Every structure is written in C-alpha cells, then in structure tokens.
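Let's take a walk through this protein together, going from its sheets to its helices and then to its aromatic rings. Have the structure open and follow along.

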Amino acid sequence: MILVTGGAGFIGANFVLDWLASSDEPVLNLDKLSYAGNLHNLEGLHQDPRHRFVQGDIGDSALLAGLLAEHQPRAIVHFAAESHVDRSIHGPEDFIQTNIVGTFRLLEAVRRYGAALPDRARQGLRFLQVSTDEVYGSLAPREPAFAETRAFQPNSPYSASKAASDHLVRAWHHTYGLPVLTTHCSNNYGPLQFPEKLIPLMIVNALAGQPLPVYGDGLQRRDWLYVKDHCSAIRRVLEAGQVGHSYHIGGGNEQANIDIVHSICTLLDALRPRPDGQSYLSQIAHVQDRPGHDRRYAIDARKIGRELGWQPAETWASGIRKTVQWYLEHPQWVAQVQTGAYRDWVQTCYPQVPAADAAGEIRAAGSGA
C-alpha cells in the first residue's frame, strides 16, 4: 500500500486515478478537503476496495501515527499543499501552516513509523516530496533553465513555504536517514484542475462570455506539463529514483501566458464557436499585474530522462486539446466547484473585473501559477 496526501486535489487525484488504472496496489488517500480538494474528482473509485479515503489534516500528528500504524504503507507520496500564488499573497498564514508545519508533522510521523519497521521494510520505505519549480525564483529571458543544482530564491509566500518544506525534507534525510525523494515540476494543466489557474479559468470564462483577464502584458513565461505526464514521472521516480536526490519534471513547452490564452481561444473557436460568430479572442482583457510576479520559469528535465528514462508523452498541441475537450464535456464538474466562497476569492484577487452575476457565473479569471 502507498499513502497519498492531498489525493483529492488536482494533481493528487490524477495520480491516484492513474495509479489504480495501472496497478493493483492499494492507496490510502488522506485529504483535508479544503477549497481545492474535491471528492467528485474520485467518483470512479467510490466502490473500489483498493482505494480508502480518509478526510484529515497532515498537521494532525495523532491521526498520522494511527494511519501509518494501521495500514503500514511502503511509500508516502506527499502532494498536500496550499498551492496558488494569488491566495498566498492575500492569506499567507494558511501556506505556512500547511506547507511548512504540516510537512514537518508528516515527516516526524513517518520518521517514527519507519524506525519501528523491521529492517527489510524500513529499507524499502520511501517518502516522495512533490514540489515546484517556483522555489527557484525567476529566470532572465536568456538564462538557462532550472537544473537540480540551482539555489532556491523564492519570491512569493507560496514558493517560500514550498522551499521551506523542501529544506525540511532534505534535512530529515541527512539528519535522520529518512529515505526521501523530491520532484520539482513545471506548471501542470489537464483534467480536474480547480478553476483558479490560468488554463481552466480561461476555458470557463470564455464559455460563460466573461472577460479573460491577463496580468500585465501577458509575457510571463512558463513551462507547461500535462498532468498525466507528471503522474507517470512520479511513478518512475518512486520506482527507481536514487534516495536523497531531486528530479525535475517538465513538459518542454515553454510559452508566454498570452500565447496560452490565444491557443485556448483558437481551440474553442473550432470546438465550441460563439453564437455571434466572433472569436473568443475578443474577450481578452489586460489587468494590473500582481505583486512580485515572476517573469519566467523553465525546467531542465534532462536528469530524469538520462537516469530514469522518462519523457513526456504529450505535446503541447495534444495536451491542450485534451484539456479543453475535457472541460467542454464536464460542465457539471465545473459547476460543482464554483461555490460562493470561490466567487468571493475571485473578487479579492481580481477587483478590476466585474463580480459574479445573480446567476453565480464567474466574471473573473486568474492568470498563471
């Protein structure tokens, strides 16, 4: 059995679904079900005996100790995190509590659990920390992509909290011998992504006839990774990664935010044309940039390719088409996550654009990680 934290969120749920589609090994799924945790992401598993869901907080030491003792997982895959820069700017304390304190308590619980295991089981134990390229800060336009040796220079409360949790993971390996692995991914996109991030929000707002707000000039650049490729890379690192090492996972799709928005509008023009015959491009609206917005991220993923033989399966063209198609086919999922609390958050982060109307349609969209 493996323990997955945050397995009802975007990447975590995709990982659980992919894991059980390719393996009979059971999953213990621990998720607090905060705003981005959604049991609808796991609907296909509600009667699957290989999947056990527990609602709980990684900051609950007693709960963690009990779950580890009862289920005896061979690996912990740690997705659980507060993960949106805009939210971290407006409310950093949640990021400190979950990403730093929560990771500390999880590490301590796993350390104690591992120390009590028989020698063979202890040698096979793994703790995989799922992290982000944002811990490295911002790249200059012609600067080489982030390699695993790059120093951390986080620029937002979110990225600082993730950098801190990565440092804790490293320290627990070097001080206590905890067998850890760390992955740093680029921007993920794909099915089940909560509509606060660039791609799903642009799709949702476009279809609702609402503005598509783009921060500043829209020339912030990111590398884009299809979420199912990310899941396959994590499985490979868990299977064959060298303990104590970090592995970068990227899609090889570095693009400017404004180009991403143009791609989405072009696909929607073809797949779901507007009734008035106009292009969705006409809905783009540039808004004031957010504080401390990193200009560029790019991932050097050669190490995982060289050492573990992993490569992304999706191109940008195939991945974005699959993503847009998924949102077109799942309007009910979108409606279920667009709660009143979510609409309030939109107004906090994007006050320059109109609020939700009486029918509850979202009138603002985020723009980047």
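A residue is called buried here if its relative accessible area is under 20%. Keep that cut-off in mind for helix α6, where Tyr 158, Ser 159, Ser 161, Lys 162, Ala 163, Ser 165, Asp 166, Leu 168, Val 169, Trp 172 and His 173 are buried. One thing to know before going further: this is a predicted model.

Let's stay with α6 for a moment. The helix has 20 residues and spans 28 Å from its first C-alpha to its last, close to the 28 Å expected at 1.5 Å a residue. What covers its buried residues? The cover includes helices α3 (85-90) and α4 (92-115) as well as strands β5 and β6 (180-185). Ser 165 is a good residue to zoom in on, as it is found in this helix. At 1% relative accessibility, Ser 165 falls under the 20% cut-off and therefore counts as buried. Leaving aside residues up to four places away in sequence, Ser 165 touches Asn 99, Thr 103 and Gln 129. Just after the helix comes Gly 177, which has a positive phi, near 80°.

Now turn to the sheets. In which order do the strands of the seven-stranded open sheet run? The order is β3-β2-β1-β4-β5-β6-β10, and the pairing is parallel. The edges are taken by β3 (51-55) and β10 (246-249); each has a single partner strand, so one side of each is left without a neighbour in the sheet. On average, neighbouring strands here are turned by 20° against each other, direction ignored. At the β10 edge, β6 and β10 run parallel and are joined by 4 bridges. You can find Thr 183 there, standing opposite Tyr 247 in β10. Towards the other edge, helix α2 (residues 61-71) lies across β1 (2-5), β2 (27-31) and β3, and runs at about 175° to β2.

There is also an open sheet of 3 strands, ordered β7-β9-β11, and its pairing is mixed. Its edge strands are β7 (187-189) and β11 (254-256), each of which pairs on one side only. The twist from one strand to the next averages 50°. Strand β9 (residues 221-226) pairs with β11 in the antiparallel sense over 3 bridges, and Asp 223 stands opposite Glu 254 in β11.

Next, look at helix α8 (residues 227-240), which holds Ile 234. Is Ile 234 buried or exposed? Its relative accessible area is 0%, so Ile 234 is buried. Its contacts, not counting residues up to four places away in sequence, are Phe 15, Val 77, Phe 79, Leu 128, Val 130, Thr 183 and Ile 249. Thr 183 is the residue you met opposite Tyr 247. As for Tyr 247, Ile 234 is 13 residues away from it in sequence and 9.3 Å away in space, C-alpha to C-alpha.

Phe 15, one of the contacts of Ile 234, leads us on to the aromatic rings. A pair of such rings is described by the distance of the centres and the angle of the planes. Counting rings whose centres lie within 6.5 Å, the model has 14 aromatic pairs. Phe 15 and Trp 19 make up a tilted pair, with 5.7 Å from centre to centre and 35° between the planes. These two residues are 4 apart in helix α1 (residues 10-22), which means that about one helical turn separates them. Both Phe 15 and Trp 19 are buried.

Tyr 136 and Phe 146 give another tilted pair: their ring centres are 5.0 Å apart and their planes are at 35°. Both residues lie in the loop between β5 (126-132) and α6 (157-176), so the pair ties together parts that are 10 residues apart in sequence. Tyr 136 and Phe 146 are both buried. Together with Phe 152 and Tyr 297, they form one aromatic cluster.

Finally, look for charges placed over rings. The charged end of Arg 222 sits over the ring of Tyr 297, 4.0 Å from its centre. In a similar arrangement, Arg 111 has its charged end over the ring of Tyr 176, 4.2 Å from the ring centre.

Notes: Residues are numbered from 1 along each chain as its sequence is written. This is a predicted model: local features need pLDDT of at least 70, side-chain atom pairs count only at pLDDT 80 or more; totals for chains, interfaces and linings use all residues. Side-chain values use heavy atoms; hydrogens and water are left out. Rings of Phe, Tyr and Trp (its six-membered ring) pair if their centres lie within 6.5 Å; planes under 30 degrees apart count as stacked, over 60 as edge-to-face and the rest as tilted. Buried means under 20% relative accessible area, exposed over 50%, partly exposed in between (1.4 Å probe, protein chains only). A charge sits over a ring if NZ of Lys or CZ of Arg is within 6 Å of the ring centre and within 35 degrees of the ring normal. The expected span of a helix is 1.5 Å times one less than its number of residues. Contact means heavy atoms within 4.5 Å. Two strands pair if DSSP finds at least two bridges between them. Axes are lines fitted to C-alpha atoms, for helices over the stretch in contact, and angles run from 0 to 180 degrees between N-to-C directions.
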